Amino acid sequence: MTTSKIEQAGGATYVWVDDRLKSAKYIKKQLGKVFPEHWSFMLGEIALYSFIILLLSGTFLSLWFKPSMIEVVYEGSYLPLNGVHMSEAYASTLDISFDIRGGLLMRQIHHWAALFFVAAISVHLLRVFFTGAYRKPRETNWIIGVGLLTLALLEGFAGYSLPDDLLSGTGLRIAQGIMLSIPVVGTYVSFFVFGGEFPGDDFIPRLYTVHVLLVPGIILALITVHMMLVWYQKHTQYPAKGHTERTVVGLPFFPVYMAKAGGFFFVVFGVTALLGGLFQINPIWLYGPYVPDQITAGSQPDWYIGWLEGALRMMPNWEINIANHWTLSINVLFPAVILPGLIFTLMALYPFIERWATGNPNPHHILDRPRNAPTRTALGTMSLSFYILLWAQGGNDLIASTFDINVFAITWFMRIAIFVVPPIVFVLTKRICFGLQRRDRDKLLHGYESGVIKRLPSGKYYEQHEPISDEARAIILARATMPQPLPMPEKYDENGVRQRNYLIKKLQAKLSHFFYGEQIPMPTPAEIEAAMHHEAELTAERNEEISESQAKALSPHE
Amino acid sequence: MTIEPHGTSDQLDQLPEHKPRRSDVDVRAAKRAERQVGLLFLGSALASVLFIVFYVFTSVDEEIRLPGFGYTNASNLLLGLTMGAALFLIGAAAIHWAKKLMTDTEIVEERSLEASSDEAKDALLEEFRRGVDDSGIKRRPFIVGSMAAALGLAGLPAIVLLRDLGPLPGNVLRTTMWEPGMHILVAETHQKIKPEDLEVGTLVSAIPEGIDEVMEEEGNLNALAKAAVMLIKMDPDEIVADQTPPGEESWTYEGILCFSKICTHVGCALGLYEQLTHHMLCPCHQSTFDLSDKGNVIFGPAARSLPQLAITVDEDGYLIARQGFTEPVGPSFWERG
């Protein structure tokens with residue numbers, strides 16, 4: 001029996017594994033796996049690493065945190081609250097902050113990481129949306145991503161609520177008020193969740209299990225599938241010279257990507273730790289324990305709940321009394337239950353709607369430049385403006401006090417703007433995309449403006465245009481692969497029989513025109529020919545003028 | 001200038017030529033990069049040691065003044081800085097190592113993720129059919145029906161098990177602990193209060209007498225979440241109207257009104273009172289109630305007026321409730337009507 005190289009190299013552990021899994025071929029392939037490089041591919045990584053930081057710091061916190069609503073009298077290091085009645089949850093959070101070395105640091109790391117987690121997911125989602133990375137074959141991963149965002153919001157809110165301070169308790173009170181607004185079952189939902197009336201004494205322990213076990217467990221499972229799909233389907237990449245639908249271009253997993261991605265984890269963790277050391281976040285000791293008849297001005301949730309808070313603040317006070325027996329609180333139900341439900345459903349369905357509009361079954365591995373898909377880009381910025389308005393309204397009291405504006409005026413402005421601004425943003429974005437497409441077209445036809453100004457002997461000035469590089473051309477030409485709008489279906493076929501599913505096909509064609517009907521045409525070969533011809537003529541004219549004047553200069557006696 | 005529209009696609013499919021880095025061609029540059037990576041790792045090691053030193057020698061409640069930041073907890077600051085540095089430097093070293101010394105020549109890999117061949121799909125379908133046939137699921141309807149019943153019912157106990165999560169709502173959302181004759185205590189001091197103790201223009205938070213005992217017994221803050229009220233004393237001329245039903249003795253006593261402190265929107269405690277206009281604003285969502293006019297909503301998302309509590313004084317002149325609330329306080333709920 002011969003000895004393999006790996007045995008000679010002392011890879012005893014590996015040999016042990018291979019004897020049982022026969023994995024040499026598989027692992028060799030994975031070590032050499034290619035990962036494309038781009039800064040925007042690191043956004044999802046930040047989310048992943050933040051989650052790991054959350055698991056680590058959260059485990060630390062759970063060693064001291066007591067998820068209990070039993071009333072205690074505080075006697076700890078934080079003197080201003082000495083002798084105050086509070087829940088054990090709040091008291092143990094004070095202990096972590098003031099009596100355990102590194103406890104405050106871990107609490108702040110945990111909170112900063114949570115803020116980053118949701119932020120990174122959100123920006124990652126925007127990147128995936130605006131570049132069309134969700135298209136076939138990656139729709140499943142998009143839906144998992146939407147699920148992860150939803151769970152991240154829920155998990156963040158749950159964690160924020162655990163310390164039972166005045167701010168978080170107020171947040172829970174709002175959540176309970178929202179539950180009550182659900183028709184028919186709302187009151188029962190609230191009583192089952194809180195173990196009776198609000199606030200009760202069951203909720204914090206229940207929420208703790210949701211926060212440290214149930215939701216993170218689901219998040220972990222979904223992240224695992226998310227990553228496995230990315231690995232198996234291979235990463236998308238941006239259009240560039242040498243990038244095709246058939247191949248993936250980048251650096252090998254081992255050692256390059258492993259070092260970069262592993263290193264980036266430490267960078268994210270390091271930055272979070274520095275923030276935890278330098279910048280105070282959620283100083284619950286300043287808010288005091290939760291008491292249902294107390295409140296502070298400027299009550300704000302964490303940033304990622306701001307849009308829901310804003311929706312609640314923006315909504316007019318519509319409430320319907322049904323037959324004097326039932327109350328339908330549209331003022332709460334719509335902004336806090338129906339609206340988020342609609343938004344997340346639309347988000348999950350979006351890839352399928354767009355794919356239906358293209359009417360084509362092709363997979364896509366090369367990303368779109370946002371300008372090349374103007375309608376998608378415009379839908380994205382439109383939605384973003386909608387979100388930002390809701391989010392700003394969530395801080396309308398802070399805007400009011402900072403800029404000294406009437407808070408009611410802000411609310412009225414937002415109520416109108418939420419309908420007016422998004423359509424304007426849609427139209428503007430589309431126009432900007434077309435403008436950029438025209439510029440690209442111009443570059444293909446006439447090259448780029450070199451910035452070199454020349455003067456002809458006649459005194460005429462002209463700017464020299466230079467041909468763009470192959471790298472630049474490859475990026476611009478990627479637009480040629482965008483889908484064409486589907487033709488409008490004929491209502492009757494040649495025999496005068498009405499087409500099956502005519503209305504559905506018509507809807508599909510209309511949607512297709514909405515998405516792809518308007519594009520700045522790519523230059524045709526004839527147009528490029530004409531542009532070249534024109535350019536050649538100009539050059540010839542200039543050369544002629546130059547040689548004429550040179551000839552004149554050489555024969556002064558004429 | 002030249003643009004070549006034709007025949008460029010082959011060329012555009014080619015990767016740009018690889019440009020070598022300094023460290024690829026210059027041995028000294030590579031050596032320098034190696035030193036830098038090593039120093040970054042050593043910096044991290046040093047920071048880890050410092051972390052332990054600070055952990056041991058910094059008191060947990062020591063304050064330190066940081067220029068530009070003000071006073072901050074010394075232990076938190078030093079532990080954060082050293083831990084952050086220890087982690088960050090490992091990352092910086094690894095990335096620097098990858099960027100300077102590991103390959104940056106791009107590799108092309110086939111995607112090979114087309115759909116399976118028709119033969120493979122057909123073979124799968126065949127295999128699936130074989131299993132279906134073998135199970136006899138189409139031929140033995142009794143098994144299918146009984147299995148559906150078993151699986152369906154097996155889920156029910158899981159739902160029924162959740163029944164004891166909480167009591168049924170019953171009527172509890174309609175009542176508070178306020179009862180006729182109950183003393184109104186100032187929330188801050190837990191003292192009874194006389195009308196003359198209140199000056200015109202003031203607002204105080206108040207609670208029913210005996211609420212502490214109730215909360216002690218129930219072991220939660222539920223009573224307070226419903227019974228919290230506020231007393232407002234106004235110039236009687238400024239009161240436009242209160243909620244006294246026609247024909248009843250006034251619910252307001254000598255210009256003193258008592259309203260629920262729980263917002264009718266989603267239940268936040270009210271908190272921002274504007275003395276001049278008698279407007280009470282909820283800090284959560286800016287629902288605004290006019291306390292001089294029946295506690296009506298004048299702005300914001302709340303739909304219902306603040307419930308008013310009828311008050312009077314006892315024989316010693318202390319403020320008491322004349323009756324409980326006549327409508328549910330706090331957020332609306334489906335059965336409210």
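**Exercise 1. The hairpin of S7(A) and S8(A)**

Task: In this predicted model, determine how many bridges join strand S7 of chain A to S8(A), and in which sense the two strands run.

Solution: Begin with the two strands themselves, S7(A) at residues 448-455 and S8(A) at residues 461-466. Five bridges join them, and the strands run antiparallel. One pair can be picked out by name, since Arg455(A) has Tyr461(A) as its bridge partner in S8(A). Next, look at the connection, where five residues lie between the strands of this hairpin, and where Gly459(A) in the turn has a positive phi of about 100°. Finally, consider how S8(A) is covered: the number of buried residues among its six is zero, so the strand lies largely in the open.

**Exercise 2. Another element with little cover**

Task: Find how many of the 10 residues of helix H2 of chain A are buried, and state what the sign of phi is at Lys22(A).

Solution: Helix H2(A) spans residues 12-21, and the count of buried residues in it is zero, which leaves the helix hardly covered. Moving on along the chain, the helix is followed by Lys22(A), whose phi is positive, near 50°.

**Exercise 3. Two helix crossings that involve H6(A)**

Task: Describe how H6(A) is placed against H4(A), and then how H6(A) is placed against H11(A).

Solution: Two packed helices are described by the angle between their axes and the distance between the axes. For the first pair, take helix H4 (residues 42-62) and helix H6 (residues 103-130) of chain A, whose axes come within 8 Å and cross at roughly 155°. Angles over 145 degrees count as roughly antiparallel, and H4(A) and H6(A) are therefore roughly antiparallel to each other. The crossing of these two helices is left-handed, and the residues of their contact divide into 17 nonpolar, six polar and two charged.

For the second pair, the axes of H6(A) and helix H11 (residues 253-278) of chain A come within 8 Å and cross at roughly 125°. That angle makes H6(A) oblique to H11(A), and the crossing is right-handed. On the side of H6(A) the contact is made by Leu105(A), Gln108(A), Ile109(A), Trp112(A), Ala113(A) and Phe116(A), while H11(A) contributes Thr272(A), Ala273(A), Leu275(A), Gly276(A) and Gly277(A). By class, this contact has seven nonpolar, four polar and no charged residues.

**Exercise 4. Two open sheets in chain B**

Task: Give the strand order of the sheet that contains S4(B) and of the sheet that contains S8(B), and name the edge strands of each.

Solution: The first sheet is open and has four strands in the order S4-S5-S6-S7, with antiparallel pairing. Its edge strands are S4 (184-186) and S7 (256-260) of chain B, each of which pairs on one side only. Neighbouring strands of this sheet are turned by 40° against each other on average, direction ignored. Within the sheet, S4(B) is joined to S5(B), residues 203-208, by three bridges, and Ile184(B) stands opposite Pro208(B) in S5(B).

The second sheet is likewise an open one of four strands, in the order S8-S9-S10-S11, and its pairing is antiparallel. Here the edge strands, each pairing on one side only, are S8 (272-274) and S11 of chain B, and the twist averages 30° from one strand to the next. Inside this sheet, S9 (residues 279-281) and S10 (residues 288-290) of chain B pair over three bridges in the antiparallel sense, with His279(B) opposite Asp290(B) in S10(B).

**Exercise 5. Where the chains meet**

Task: Establish how many residues each chain gives to the contact, and which element supplies the largest share on the side of chain B.

Solution: The contact takes 105 residues from chain A and 84 residues from chain B. The elements of chain B that give two or more residues to this side are helix H1 (9-12), helix H4 (74-100), strand S3 (107-110), helix H8 (222-227) and strand S11 (296-299). The largest share, 17 residues, comes from H4(B). By class, the side of chain B that touches chain A has 50 nonpolar, 24 polar and 10 charged residues. A strand pairing also links the two chains, for S4 (residues 247-252) of chain A and S3(B) pair in the antiparallel sense over four bridges, and Val249(A) has Val108(B) as its bridge partner in S3(B).

Note on methods:
Residues numbered from 1 in each chain as written. Chains lettered and ligands numbered in written order. Predicted model: local features only at pLDDT ≥ 70, side-chain atom pairs only at ≥ 80, totals over all residues. Contact = placed C-beta atoms within 7 Å. Nonpolar A, V, L, I, M, F, W, Y, C, P; charged D, E, K, R; others polar. Pairing = 2+ DSSP bridges. Axes fitted to C-alpha atoms, helices over the stretch in contact; angles between N-to-C directions. Parallel < 35°, antiparallel > 145°, perpendicular 65-115°, else oblique. Left-handed = near helix turned anticlockwise from the far one by under 90°. Buried ≥ 20, exposed ≤ 12 C-beta atoms within 10 Å, placed from the backbone.
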